[in-house]
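Let's take a look at some strands and how they pair up. Have the model open while you read.

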Amino acid sequence: MSEWRYWLNEQRGTLTGLAIFLVMFSVYVANHPAGFTANVVHTAANKGVLLAFVAMAQALVVITAGIDLSVGMILVLTNCLASWIVVGAAVPTTLGVVAVLATGTICGAINGALVIYGRLQPIVATIATGAVYFGLGLLLRPFPGGSVNEDLADALTGRLFGVIPSSLVALAAVVLIIWLPFRKSVAGRAAFAAGSSEPAAFMSGVPIRRGKFAAYLLSGLLAGMGGLFLTFFTYTGEAAYASGSAYTLWSIAAVVLGGVSLYGGRGSAVGAIFGAFAARTTGDMLFAFDVDPLWQPLLQGIVLMIAVSIGSLALLRVRNRLDWFQ
Amino acid sequence: MAMSEIQATSPLFRMEGVSKRYGGVRALENAHLAVEAGRIHAILGENGAGKSTLIKIMAGVVAPDEGRMLLDGQDATFRSPAGASAAGIACVFQELSLIPDLSVADNIAIANPPRRFGLIDRRAQRAIAEEALARAGAEDIHPRTLVKDLPLSRRQMVEIAKALASGPRILILDEATSALTAGDVAKVFAVLKGLRSEGLALLYISHRMHEIAELADTCTVFRNGRNVASFSAGSRTNSEVVEMMIGREYSNIFPPRQKRAIEQGRAPVLECRSLGWSDRLRDISFSVGEGEVVGLGGLEGQGQRLLLLALFGVLRGMTGSVLIDGAPVAISDPAAARKPPHCMALIPEDRKTEGLMLPMTVRENLSFAALDRVSRGGVIDRAKEEQLIDEMLRLLEIKTAGLDVPVGALSGGNQQKVVIAKWLMRKPRIILLNDPTRGIDVGTKQELYRLLRQLAETGAAIVFYSTDYDELIGCCDRVLVLYDGRIVRELEGDEISERALIASALNVEAGHEGTAA
């Protein structure tokens, strides 16, 4: 096998996610009345970017063979917080942004501490912490409201050079600054190793706890970034329970679409981003086809089901049935 | 070498009075061990003799309750595998310590990956991996392959390369050759001998006597958690060593074969006619009569396991035909294979994943395959279940604290007995065994051999794949040797010898040099 085929094998999940997104987005754009214009791309990017942040956050935890049911609530909490403190002149705004991101990181650290040092099951621990984070958000914003530094918001949600959505640039920067170094760090390697086979990782002397903790920590940070962007888009803070839950659930769908294995040990945050955009497009597609809103949830579910099935097509080719269970 | 000389040199590693208890069970009691540089030290003993605990303590996986360990005269009680590895103790574990979703290179460098600007340097890592693979004689493995895409024997080679890459002073190999092909074993032996002359201390744990005879300089025998004897290799006969291991006379480990009168004109119980599956099984034809034990031999991975899976209905897209009692059958899946009229049973190779549900109880595990026999209308008849289970416990002499303990708490040998009992509860007529004695102690092996014979005498047709030549020689009426998915040789009766088995396994003419004892 030549080198590029190894690369292909390593990136298969991410590339599948990209392919699913491209197919869906092409169908969407082709049926959009305006077609492939900067406006359409801009709107799609801004819609997708929030889920992309949350999906990256989810991917980090899923790679360690965990699952994080609090990511959506961290988004809600940081949104509520940002609507109070990311205001005013340059200095207070900057401090506000730092505080919001620190809050997200602390939320992730709490999750990590409960799972790693408290030895709780990730699914249970994060249901509980998710409720706590939402509760805090609700205390901060019993009613929707607040504001945000609009100059900053407009800069990060607008367009660069009139064509490139700046939210996508921000997303790419986050991948470069957080994901790629993480993946190449010893902690990142440990997170993957622990997700793939924790006993083997232990026997190999891998720093499992450090790796997993780093994954949860960064997960919280990424979800906090999602909350910040939500504030930039809406200019307000709102403790919306349904919205937080939806983000959590769709983030799981997004990582699966992006080729991150729910069994852990395999996948990339880049794949999760593609998965997030693909998941978002399932909703937009129905607008483009002018579907009766009453039918949208049903049809969106079906499109999602088909997309997820693509990943399991390989199972049909299995001739030794024991391979099904590996 | 003489005993006096062994004691004269000062050992690299010394273990003094080390004990370890698990609950009420003493796994290791007052163990003493001296490991010298430039020597291969074999550790022998039945399962449960304390070998695994010994290794785990040396590797920092578990902490000893008492005693001390010295490396170069310094205290060497490690609190984690990472600590042991940093001190220069590397382990090749029987249960692989590789991470399936990472690449070979990632795995080899996992303990201490090369870094540049704080991040892992993939290019340097690859060079390390390539060097380690070459050193282990496994240049054929590409460093970018994912470990889960490699067959077991290749993984084992990666495991060895990984241990070498850490630059150890003491290398511990725990049943490291159990999954290797004969070719690899030869390579690994050459590597180990090379390491010995480089001055490493090697600790070699194996159940295979001929390997120990070829490699070891010093032997230590463990029994019931104590070291019973240390001696230089070659100074004791095999049967003396086995006697030390099991603590009783070792004779007639294999039961006598009954010469059976073959009834003329009667169709064999199981017959295959030019069975094929992709390019892994080709033109396989053979038959097994009532009361016959037919062995499958050859190097590991030549299609033996696949052949058993094919017969049991696991593989799809097979060509050729299978006949039972002379009538062609189409077995769609394992559920159909085990039901009448086929009445097949497959004792799998890996009892932990394919044979048992470890956290579930002995009772539940025993009943799984026979639920339809002990239930009526979907409700389990406890009395009937009890009666069948009782029968099995007696037949196989399974040692368990009770039926309601998790099967994972039993010793390896008893776990394997549960796997076998589970299938015998169905009273199968065709029994397929996939290397059932791997990693089982001598005493349990002996019981299994007797059981096999007993089953054959009651009319079962048995297909028995084993990686242990002695077993094939001692147990089988006929042996089919597979090579590259084909049957290359059929040996019968006195023709079945180690020499003939090795020669045909390597697909060369007889005359190949056997291993020197």
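What follows is a short tour of two strand regions in chain B.

## A covered strand

Keep in mind that this is a predicted model. A good place to start is strand β21 of chain B, residues 430-434, which is mostly covered, with five of its five residues buried. The cover is on both faces of β21(B): B:I430, B:L432 and B:N434 sit buried on one side, and B:I431 and B:L433 are buried on the other.

## Its pairing partners

Strand β21(B) pairs with strand β18 of chain B, residues 344-347, in the parallel sense, using four bridges. One residue pair to look up here is B:I347, whose bridge partner in β21(B) is B:L433.

Then there's strand β22 of chain B, residues 461-465: it runs parallel to β21(B), and five bridges join the two. Here B:N434 has B:Y465 in β22(B) as its bridge partner. B:N434 is also one of the buried residues of β21(B).

## An antiparallel sheet

Elsewhere in chain B, four strands make an open sheet, ordered β14-β13-β16-β17, with antiparallel pairing. At the edges are β14 (281-288) and β17 (327-329) of chain B, each pairing on one side only. From one strand to the next, the twist averages 20 degrees.

Zoom in on β13 of chain B, residues 270-277, and you'll find five bridges linking it to β14(B) in the antiparallel sense. Among the residues involved is B:E271, whose bridge partner in β14(B) is B:S287.

## A helix across the strands

Helix α10 of chain B, residues 304-311, lies across β13, β14 and β16 (318-324) of chain B. Relative to β14(B), helix α10 runs at about 65 degrees.

Conventions: Residues numbered from 1 in each chain as written. Chains lettered and ligands numbered in written order. Predicted model: local features only at pLDDT ≥ 70, side-chain atom pairs only at ≥ 80, totals over all residues. Buried ≥ 20, exposed ≤ 12 C-beta atoms within 10 Å, placed from the backbone. Pairing = 2+ DSSP bridges. Axes fitted to C-alpha atoms, helices over the stretch in contact; angles between N-to-C directions. Contact = placed C-beta atoms within 7 Å.
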